[in-house]
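Me: Could you take me through one part of this model up close, slowly enough for a first-year student? I'd like to see how a few pieces sit against each other.

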Amino acid sequence: MPVLNAAALIDDRTEALRTYHRNAGLPRAELDLSGGIDSAVMAGLLTLALGPDKVTMVYSSIHSGPTTRGRASVLADALGVPLVVHDLTPTYEAMTGAMVDNLEAAGWDRAEIESRIASDPTIMGSIRSCLRAPLGRGYLRFTGNGIRHGTGNECEDRWLRFYQKGGDGEVDTNPVAMLSKGEIYQLAHGLGLRLDAVAAFADILVAPPTPELWGTESSHTDEDEIGSYLGVTNSGHTFYSYVDPASGAYTHVGLIERVARFVDDAPALFADDTSDEALGALITRAADAPCFAGVDGGTIDRLLRAARGAERRTRHKWNPACPTLGDRATLVAAGILTDDLPNLRTR
């Protein structure tokens with residue numbers, strides 16, 4: 001399995017966080033707790049690194065359903081961290097309503113704007129994400145100031161950049177950015193055992209990942225949204241890797257993790273000067289790569305071309321000033337992770 005030693009990974013990430021706070025002279029941290037797997041892992045790591053009394057955890061809601069809030073509350077209780085719950089719905093409705101009014105007053109066609117909003121749910125989703133960022137930052141300042149930590153993982157942040165730059169991307173660090181989604185799941189399994197919070201993590205381990213930014217928790221999932229964005233749908237494969245919640249072992253190997261392991265050895269996929277001929281050669285090579293075992297050539301072709309396009313379109317989101325407090329190569333060299341993927345069907 002990609003995580004070879006979950007206990008050592010927990011120790012490494014915990015010590016990295018502890019050292020970063022000590023060097024900064026800032027003992028407190030803030031985390032947006034969503035009820036999803038990535039923030040659950042960061043919640044566990046921060047609790048171990050700093051202590052529950054040094055972490056401000058915030059769950060913010062905009063037309064959200066009760067399920068994600070319930071998972072966040074159960075986890076916060078298990079960790080012994082108070083959870084701040086803030087309903088942003090009235091603020092969001094007042095602001096977006098005024099925005100449309102102001103555009104109409106400035107000469108824009110109201111019906112055209114409303115039609116655009118209705119046809120593309122990511123428009124309002126991006127605004128919801130951006131509203132949450134100052135909220136978390138504000139609660140951090142109210143409770144003593146410190147460092148606001150991100151929850152981005154390798155599958156979301158490396159080339160897809162599946163985040164809102166001024167929203168969930170508005171953070172001071174991304175300490176799990178070198179870990180694939182599957183490795184995040186494995187880390188969550190290990191944290192449940194370490195923190196005596198197996199039941200709290202178990203519910204999150206089996207929940208379908210969703211940004212919950214379209215108005216209701218059931219309106220979209222990461223899998224559907226990423227597939228639509230990349231134009232790689234009905235492939236018979238998942239985009240994320242998943243694990244058995246009881247054992248932490250991989251049950252699915254996701255397409256995004258496969259791309260990451262391929263690009264480790266073939267960075268030319270994302271290079272601007274890679275010609276069409278060279279790209280074709282890379283795709284042909286990928287068909288024989290161990291990381292793509294069990295994936296048909298047509299899917300590999302569409303996936304790698306879509307990955308190349310997505311990486312180019314999202315470069316403006318990259319924030320080189322946001323540290324990851326370590327890197328994947330060091331963890332692999334230490335025998336904590338491996339870049340070798342299990343030979344499993346993805347679905």
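Reply: Here is a walk around one helix, H9, followed by a look at some other parts. Keep in mind that this is a predicted model.

Let's start with a single residue, Ile204, which lies in helix H9. Is Ile204 buried or exposed? Its relative accessible area is 2%, and the cut-off for buried is under 20%, so Ile204 counts as buried. Who are its neighbours? Leaving out residues up to four places away in sequence, Ile204 touches Gly35, Gly36, Ile37, Ala40, Arg71 and Leu75. You can also check Asp38: it sits 166 residues from Ile204 in sequence, yet their C-alpha atoms are 9.6 Å apart in space.

Two of those neighbours, Arg71 and Leu75, bring us to the next helix, because both are among the H3 residues that make the contact with H9. H3 covers residues 66–79 and H9 covers residues 198–205; the two pack at an angle of about 155 degrees, and their axes are 9 Å apart. Angles over 145 degrees count as roughly antiparallel, and therefore H3 and H9 are roughly antiparallel to each other. Their crossing is left-handed. On the H3 side, the contact is made by Arg71, Val74, Leu75 and Ala78, while H9 brings Ala200, Phe201, Asp203 and Ile204. Sort those residues by type and you get six nonpolar, no polar and two charged.

Now step back along the chain to the loop between H8 and H9, where Asp196 is found. Asp196 has a positive phi of about 55 degrees, although it isn't a glycine. Why point that out? Most residues other than glycine have a negative phi. Asp196 is exposed, with a relative accessible area of 71%. Asn234 makes a nice partner for it: this residue also isn't a glycine and has a positive phi, of about 50 degrees. You'll find Asn234 in the loop between helix H10 (222–230) and strand S5 (242–243). At 80% relative accessibility, Asn234 counts as exposed.

On the other side of that first loop is H8 (residues 181–194), which packs with H2 (residues 37–50) at an angle of about 45 degrees, with axes 9 Å apart. That makes H2 oblique to H8. Their crossing is left-handed. From H2, the contact uses Ile37, Asp38, Val41, Gly44, Leu45 and Leu48; from H8, it uses Lys181, Ile184, Tyr185, Leu187, Ala188, Leu191 and Arg194. By type, these residues come to nine nonpolar, one polar and three charged. Spot Ile37 in there: it's also one of the residues that Ile204 touches.

For another pairing, try H4 (residues 89–105) and H5 (residues 110–119), whose axes come within 9 Å and cross at roughly 145 degrees. Here the crossing is right-handed. Val100, Asp101, Leu103 and Glu104 of H4 meet Arg110, Ile113, Glu114 and Ile117 of H5. This contact splits into four nonpolar, no polar and four charged residues.

Last stop: helix H12 (residues 276–286), where Leu279, Leu282, Ile283 and Ala286 are buried. They span an arc of only 100 degrees around the axis, so they are on the same side of H12. Turned away from that buried side is a face with the exposed residues Glu277 and Thr284. The cover over the buried residues includes helix H11 (255–265) and helix H13 (297–313).

Note on methods. Residues are numbered from 1 along each chain as its sequence is written. This is a predicted model: local features need pLDDT of at least 70, side-chain atom pairs count only at pLDDT 80 or more; totals for chains, interfaces and linings use all residues. Side-chain values use heavy atoms; hydrogens and water are left out. Axes are lines fitted to C-alpha atoms, for helices over the stretch in contact, and angles run from 0 to 180 degrees between N-to-C directions. Helices (H or I, at least four residues) and strands (E, at least two) are DSSP runs, numbered from the N terminus. Angles under 35 degrees count as roughly parallel, over 145 as roughly antiparallel, 65 to 115 as roughly perpendicular and the rest as oblique. A crossing is left-handed if the near helix is turned anticlockwise from the far one by less than a right angle, and right-handed if clockwise. Contact means heavy atoms within 4.5 Å. Ala, Val, Leu, Ile, Met, Phe, Trp, Tyr, Cys and Pro count as nonpolar, Asp, Glu, Lys and Arg as charged, and the others, Gly among them, as polar. Buried means under 20% relative accessible area, exposed over 50%, partly exposed in between (1.4 Å probe, protein chains only). The arc is that of the directions from the helix axis to the C-beta atoms.
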